[in-house]
Amino acid sequence: MSVLLLLISALVLIYFSIGGKTAAAVMAVATLVGVIQDDWHLASVLIGGVLLALALVLVIPGDLRLDKLSRPLLGWVRSRLPTLSDTESEALKSGSVDWDGELFSGQPEWNKLLDAQPAYLTSEEQAFIDGPVEKLCAMLDDWKITHEHYDLPEKVWKFMKDKGFFGLVIPKDEGGLGFSNTAHSEIVMKISTRSVSAAVTVMVPNSLGPGELLMHYGTDEQKHHYLPRLAKGEEIPCFALTSPVAGSDAGAIPDKGIVCKGQWNGEEVLGLRVTWNKRYITLAPVATLIGLAIKVYDPDKLLGENDDIGVTCVLVPRDTDGVNAGTRHLPMNTVFMNGPTWGTEVFIPMEQVIGGQDMLGKGWTMLLECLSIGRSISLPALGTGAGKVACLATGAYAYTREQFGRSISQFEGVQEALEPMAGYTYMMDAARLLTSGMLDRGVRPSVPSAVLKYRNTDLMREVINHAMDVAAGRAVITGPRNFLARAYQAVPIGITVEGANILTRSLMIFGQGAIRCHPFIVEEIEAAGMTDEDKAAKKFDGIFYRHLAHTTRNALRSLVLGLTRGLPEPVPAEGNIKPCYRQLARFSAAFALMTDVTLLTVGGGLKARQRLSGRMADCLTHLYYATAVIKQWHEEGYPDDQRPLVEWCLHTCLRDLQSSMRDAIINFPVPALRWPLRLLVFPLGATGLNGPDDTLGSKVARSIVDDTPVRHRIARGTYVNESPDDPLGRVLNAYRLAHETAGMRDRLHQAIRNRDEDELDGIALLMGHQRKELVDWACAQGIVKADECDKLEEALTALYDVLRVDAFDSEGLKALSRCAKGKRKVVERPARK
């Protein structure tokens with residue numbers, strides 16, 4: 001009995017994070033009571049003594065604990081903690097931690113999620129979306145852009161400049177619109193539903209161009225000079241990071257700047273002699289202001305004793321002697337301006353260093369801060385836009401397309417494709433809004449930005465692939481009628497740029513997050529890196545035992561919540577999704593435990609354990625997206641018609657989370673720990689989380705087929721028109737007419753089914769091309785009323801037109817070829833002014 005009492009006392013103390021003197025007192029009383037009850041059994045004394053000693057560790061005199069315990073432990077921990085490069089150390093200092101830190105804690109506080117200020121638009125921002133953005137979308141003909149002009153039309157460039165599209169986030173007092181990050185995301189998303197090329201052209205100056213860097217780090221002179229010109233489109237910016245050899249690793253870039261003196265505007269000044277060779281740089285062919293990430297060296301010691309100064313961000317005007325740009329890459333048949341830029345020993349003065357001379361060597365921190373913003377907005381918005389327009393168009397197409405006398409949306413095989421399209425798009429939108437809300441609160445979410453970039457672009461690929469399966473032959477024929485081709489071709493771009501998804505998943509998300517978001521690891525790394533051993537030991541002593549308690553608590557929470565399916569965990573009642581909250585809390589504890597075990601056993605070898613790192617990244621991703629869905633449903637007031645979507649998303653995330661966690665454990669690189677981890681995380685086995693069932697899946701599939709508020713909610717933020725001459729409008733026009741004439745067409749189909757065989761053959765022929773004759777026959781037979789005939793014919797014509805694909809004769813193909821050849825000459829033109 002004493003042993004049981006002692007263990008229960010210890011477990012309760014750990015589970016509720018009670019330590020220090022309180023823990024020591026409780027364990028002393030429990031030991032005394034247990035010993036008395038068991039008549040001084042040796043086992044009670046030994047177990048009680050051990051547990052009491054552990055509790056007393058935190059209250060014994062500091063010097064004694066420091067010398068006898070903490071110093072030796074510090075040496076051991078130094079050998080286990082990962083070693084960090086200079087760029088990784090800078091990465092840890094950049095950005096900030098928000099909800100991601102709660103997920104890493106193992107005990108997320110749900111009120112922090114639900115009470116956080118949500119993403120929202122001001123009336124001014126909404127008016128801009130309803131006005132200039134809507135008008136811009138109406139101006140865009142994506143077929144002509146990608147197959148005839150190979151560029152945005154001049155009138156579109158002018159409109160974007162005049163209306164401030166290049167200065168969305170630049171402050172009003174510097175000539176910009178001063179919009180929020182959420183507005184930026186919504187604008188890019190809506191434009192992307194019309195043209196990927198136009199969306200990229202807008203998003204780059206507002207997230208990846210020099211404007212963001214200048215706003216945060218520029219000198220007053222730089223801000224006053226460049227920001228108004230950027231906002232008005234008088235300067236077109238680009239930012240060049242990627243080198244052919246180093247990719248996007250700024251720590252390995254060969255591009256350099258040598259500190260020297262040179263001539264600038266007729267005067268000898270101190271500056272940099274810059275040599276670079278960059279590629280894949282968006283807007284480089286037309287940029288008038290080129291931002292560069294380079295490494296700066298001072299071999300002549302003009303600035304001090306240090307000759308290796310480090311990564312630096314500089315601005316180079318396009319018309320500077322020696323600058324080369326203008327040639328173009330063509331990324332997967334999208335035609336946003338993208339190309340190489342290079343220069344050899346191009347001199348620029350120190351005033352062209354972003355932030356001035358004082359910011360030399362601080363470029364990596366600057367880039368990390370700003371890249372987390374751009375990565376949180378640009379590609380996640382583009383991915384969400386692709387999902388929304390695919391759901392809107394494909395759901396409509398599935399409803400209008402008939403096979404064997406039935407809408408194909410009724411086929412279970414088609415529903416299997418429509419189901420994840422709807423669910424994943426809702427997920428993408430929820431995660432996008434959760435993260436843009438963070439940005440608007442001043443958070444710089446370095447880890448969520450990587451999660452969002454990786455997952456939204458990956459889900460975009462899933463959604464578009466399913467859409468292609470549903471539209472089938474209608475989707476694979478290139479031409480102005482195709483409403484999926486550009487999105488399908490653009491998928492690899494999103495997967496690849498701003499950090500390729502393979503590396504983002506396997507190296508960045510968990511590798512950075514495990515340290516950046518952990519409540520203790522950063523301080524322990526700092527202590528381990530201190531040269532003063534006394535200060536290092538004292539700092540470590542104040543952290544390590546709390547870390548130990550944190551790990552033990554999460555191990556216990558994982559076990560208890562796994563055994564009870566989360567029942568002891570207090571969770572919100574709103575939405576009636578308590579079981580999902582409890583499972584998420586359980587897996588958060590398991591994830592935190594796995595993080596600690598990984599760091600302490602794998603340590604510096606984590607970079608080489610990319611399968612493990614990738615699986616752990618997946619765990620965090622599923623946690624993040626599930627909680628984003630909850631947050632979004634909460635902000636919308638828990639509408640009941642969205643419940644099937646929300647439950648589908650949560651069940652899918654939990655199923656995938658369980659699978660990723662299980663794979664991480666059974667393949668854990670320390671075999672001896674696999675069974676203990678499996679026991680703590682899956683004490684009852686990996687069961688009970690099987691994902692959505694077919695009944696729920698069918699409801700979710702119907703959510704993008706039926707004309708309901710849920711369909712409009714999923715597609716919210718897309719550009720919509722019903723023009724029969726527009727690739728998307730053609731489908732939506734037919735969808736509307738199909739709904740309006742559903743009763744007439746049902747009567748017509750029923751009448752056809754009731755005719756004899758000879759008459760049926762004749763009528764069947766009329767169903768294809770001779771629609772007027774069919775309608776006339778139906779009117780003559782009284783199947784439809786006289787005042788319904790014109791409407792029925794219009795609907796049948798629209799439904800047939802949706803099925804048609806483009807066909808080019810030889811002259812048409814030659815015309816396209818001539819157009820392409822003619823436009824190839826344009827790529828060498830001077831930069832835009």
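In which sense, parallel or antiparallel, do strand β2 and strand β3 pair? In the predicted model examined here, strand β2 (residues 256-264) and strand β3 (residues 267-282) run in the antiparallel sense and are joined over nine bridges. Within this pairing, Gly262 is placed opposite Val269 of β3. The hairpin formed by β2 and β3 has two residues between the strands, and Asn265 there adopts a positive phi near 55°. Strand β2 also pairs with strand β4 (residues 289-297), in this case in the parallel sense and over three bridges. In that pairing, Lys256 has Lys295 of β4 as its bridge partner.

These strands belong to a protein chain with 34 helices and nine strands. Of the 833 residues in the chain, 57% are buried. Where contacts join residues at least 6 apart in sequence, 77% of them connect residues at least 24 apart. Several individual sites illustrate how distant parts of the sequence meet.

One such site concerns two helices. Helix α16 (residues 412-440) packs against helix α27 (residues 694-702) at an angle of about 70°, and the two axes lie 7 Å apart. Because angles of 65 to 115 degrees count as roughly perpendicular, α16 is described as roughly perpendicular to α27. On the α16 side, the contact involves Gln415, Leu418, Glu419, Ala422 and Gly423, and these meet Gly697, Ser698, Val700, Ala701 and Arg702 of α27. Sorted by class, the residues of this contact comprise four nonpolar, four polar and two charged.

Helix α13 (residues 210-217) provides a further view of packing. Its buried residues are Pro210, Gly211, Glu212, Leu213 and Leu214. The elements against which these buried residues pack include both helices and strands: α12 (196-207), α14 (220-231) and α15 (363-400) on the one hand, and β1 (237-240), β4 and β5 (308-317) on the other. Strand β4 is thus a packing partner of the buried part of α13 as well as a pairing partner of β2.

Helix α15 also contains Ala393. This residue counts as buried because its relative accessibility is 0%, and the cut-off for burial is under 20%. Leaving aside residues up to four places away in sequence, Ala393 touches Phe483, Leu728 and Val731. The C-alpha atom of Ala393 is separated by 8.8 Å from that of Ala467, although the two residues are 74 residues apart along the chain. A comparable description applies to Leu561, which is located in helix α22 (residues 533-564). Leu561 is likewise buried, at a relative accessible area of 0%. Its C-alpha atom lies 5.4 Å from that of Arg586, a residue 25 residues away along the chain.

Aromatic side chains form 15 pairs in the structure. One of them joins Phe510 and Phe591, whose ring centres are 6.0 Å apart and whose planes make an angle of 70°, an edge-to-face arrangement. This pair connects distant parts of the chain, since Phe510 belongs to helix α20 (residues 501-516) and Phe591 to helix α23 (residues 578-601), with their positions 81 residues apart. Phe510 is buried, with a relative accessible area of 0%, and Phe591 is also buried, again at 0%. A second pair is formed by Trp633 and Tyr638: the ring centres are 5.1 Å apart and the planes stand at 80°, so this pair too is edge-to-face. The classification follows because planes over 60 degrees apart count as edge-to-face. Trp633 is buried, with a relative accessible area of 0%. Elsewhere, ring pairs link Phe128, Phe159, Phe165 and Phe179 into a cluster.

The backbone also merits attention at certain positions. Most residues other than glycine have a negative phi. Tyr638, however, has a positive phi near 55° and is not a glycine. This residue is situated in the loop between α24 (610-635) and α25 (643-666). Glu345 likewise shows a positive phi, of about 50°, without being a glycine. Glu345 is found in strand β7 (residues 338-349). With a relative accessibility of 51%, Glu345 counts as exposed, because the exposed class comprises values over 50%.

Methods:
Residues numbered from 1 in each chain as written. Heavy atoms only, no water. Pairing = 2+ DSSP bridges. Helix = DSSP H or I, 4+ residues; strand = E, 2+ residues; numbered from the N terminus. Axes fitted to C-alpha atoms, helices over the stretch in contact; angles between N-to-C directions. Parallel < 35°, antiparallel > 145°, perpendicular 65-115°, else oblique. Contact = heavy atoms within 4.5 Å. Nonpolar A, V, L, I, M, F, W, Y, C, P; charged D, E, K, R; others polar. Buried < 20%, exposed > 50% of the residue type's maximum accessible area, 1.4 Å probe, protein only. Phe/Tyr/Trp six-rings, centres within 6.5 Å; stacked < 30°, edge-to-face > 60°.
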